[in-house]
Amino acid sequence: MQSPLIDRVHAALDGFRIELPSWGFANTGTRFGKFVQPAAAATIEEKFADAGHVHALTGACPTLALHVLWDFDDGVKSVPAVAALAERHGVRPGSINPNLFQDQAYKFGSLGNPDPAIRRQAVRHIVDSVQIAGALRSRDVSLWFADGSNYPGTTSIRARKQWFEEGLREVHARLASDQRMLVEYKPFEPAFYHTDIADWGMALLLARAAGPQARVLVDTGHHYLAQNIEQIVSWLLAEDMLGGFHFNDRRYADDDLTLGSIDPYQIFRIFHEIRSFEHDSGGPADIAYMIDQSHNLKGKIEAMIQTVTVAQELFAKAALVDLERLRAAQASSDLVTAESLLQDAFATDVRPAIREWRSGHQLPVDPLRAFREGGYLERITSERAGRNAAAVSSYA
Ligand code: RM4
Ligand code: MN
Ligand code: MN
């Protein structure tokens, strides 16, 4: 690779940060069963320790997304303890994720529940989450709703839309001026007939209804298979409504597989659209990049390191597209030249330039190898194995 291209890779990596999910370090399963990993994290302290280790090896993950129900035993009172752990392990608290799907009360929905008392409970929980975020100086409160129904005619889709607007507006009014609300969508699961926020259009309308600090969150696994995700990304960017991503890959539905394991070109195309937007608008897009993956079979920390590494590679490849030439080719409808510019960038081996970037930043050139040779996994395995074998806990 020529040195201007190497510089471009280095500059891209300098600006690239991706948030780790606390739940990605805990034992999780499928609805059929759970294979317990001896080294999995069970406490918020262990999740911070593991995330801190991934950040130390990659230099790209300074924040950890937290799930309120799983990570704050005592709600807002847990904030000082969480802040102390963040300090100790060198990772800041990232997005705060309320949990609106696990409580028995949410059987028929949270903000979309026909029972006003349960809608109130959901609003209260999100407001508590806003408070937690404020106390931790976290900017984003990230909302995903499992709300929906399983059978035609069993609920009023329009009434629920209105309840969502009301609830989100109420929560938005509680945001501090530097906070954001992110609204995530998902076509199905756990609801199998209708989901209240099923796609980006619904999320966009609800975010607009909520208020000016609301944005849409795109989880790459939350689309029907044929959907063109980078087009959605481009439209949301053009509307100034893209707030962030939950990255993962999938073969069928919301599989939460490792980023790029099935279709790396898809992620490359998303990064390309973002870079192209930034190039045209002359400034960085204000987007939170986050990982939303729970690995059932792979080692959790290894899989996170692999994810971060792949994300860096795909981001760096997207930075190699020659946008000036691309614009010229587009203007003259020179299709093959235009498409080849993307393909050439995607085919470029950026790994040597990334290794150079790492050594320039006093990071291990091969983070996965450094992890395997570093002894951390052996240490936490011996510390946690007995406890993990005894406690087959719930989702997190
Ligand atoms: C959902 C969605 C949310 C995540 C939960 C655990 O499918 O992706 O973002 O918080 O899973
Ligand atoms: Mn998600
Ligand atoms: Mn998901």
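In which hand does α9 pass α12? In this predicted model, the crossing of α9 past α12 is right-handed. The two helices pack at an angle of about 115 degrees. Their axes lie 11 Å apart. Helix α12 spans residues 335–347. On the α9 side, the contact involves P264, Y265, F268 and H272. These residues meet L342, Q343, A345 and F346 of α12. The contact of α9 with α12 holds 6 nonpolar and 2 polar residues, and no charged ones.

A second helix pair is formed by α6 (residues 157–172) and α7 (residues 200–210). The axes of α6 and α7 come within 8 Å and cross at roughly 45 degrees. At that angle, α6 is oblique to α7, because the value is neither under 35 degrees nor in the 65 to 115 range. The crossing of α6 and α7 is right-handed. Helix α6 contributes K161, F164, E165, L168, R169 and H172 to the contact. Helix α7 contributes L206, A209 and A210. By class, the contact of α6 with α7 comprises 5 nonpolar, 1 polar and 3 charged residues.

Helix α10 (residues 300–318) packs with helix α14 (residues 367–374), their axes coming within 9 Å. The crossing angle is roughly 160 degrees. This value is over 145 degrees, so α10 runs roughly antiparallel to α14. The crossing of α10 and α14 is right-handed. From α10, the contact draws on I301, E302, I305 and T309. From α14, P367, L368, F371 and R372 take part. The contact of α10 with α14 has 5 nonpolar, 1 polar and 2 charged residues.

The model also contains metal sites. The manganese ion (ligand 2) is coordinated by E184 (OE), D219 (OD), H246 (ND1) and D292 (OD). The coordination distances are 2.2 to 2.3 Å. Around this manganese ion (ligand 2), 6 donor atoms subtend angles of 72 to 166 degrees, and the arrangement is therefore octahedral. In sequence, the donor residues of the manganese ion (ligand 2) follow the spacing E-x34-D-x26-H-x45-D. Distant parts of the chain are linked by the pair E184 and H246. E184 sits in strand β6 (residues 180–184), and H246 in strand β9 (residues 242–247). The residues of this pair are 62 residues apart.

The manganese ion (ligand 3) has H222 (NE2) and D254 (OD) as its protein donors. Both lie 2.2 Å from the manganese ion (ligand 3). The pair H222 and D254 also links distant parts of the chain, being 32 residues apart. H222 belongs to the loop between β8 (214–219) and α8 (229–238). D254 belongs to the loop between β9 and α9 (264–281). The manganese ion (ligand 3) and the manganese ion (ligand 2) are separated by 3.9 Å.

Backbone geometry draws attention to the loop between β6 and β7 (194–195), where P190 is placed. E189 lies in the loop between β6 and β7 as well. A cis peptide bond joins E189 and P190, with omega about 10 degrees. E189 also has a positive phi of about 80 degrees, although E189 is not a glycine. Most residues other than glycine have a negative phi, and most peptide bonds are trans.

Terms used
Residues numbered from 1 in each chain as written. Chains lettered and ligands numbered in written order. Predicted model: local features only at pLDDT ≥ 70, side-chain atom pairs only at ≥ 80, totals over all residues. Heavy atoms only, no water. Axes fitted to C-alpha atoms, helices over the stretch in contact; angles between N-to-C directions. Helix = DSSP H or I, 4+ residues; strand = E, 2+ residues; numbered from the N terminus. Left-handed = near helix turned anticlockwise from the far one by under 90°. Contact = heavy atoms within 4.5 Å. Nonpolar A, V, L, I, M, F, W, Y, C, P; charged D, E, K, R; others polar. Donors = N, O, S within 2.8 Å, 3.2 Å for Na, K, Ca; no water. Tetrahedral: all angles 85-135°; square planar, octahedral: opposite > 155°, others 65-115°.
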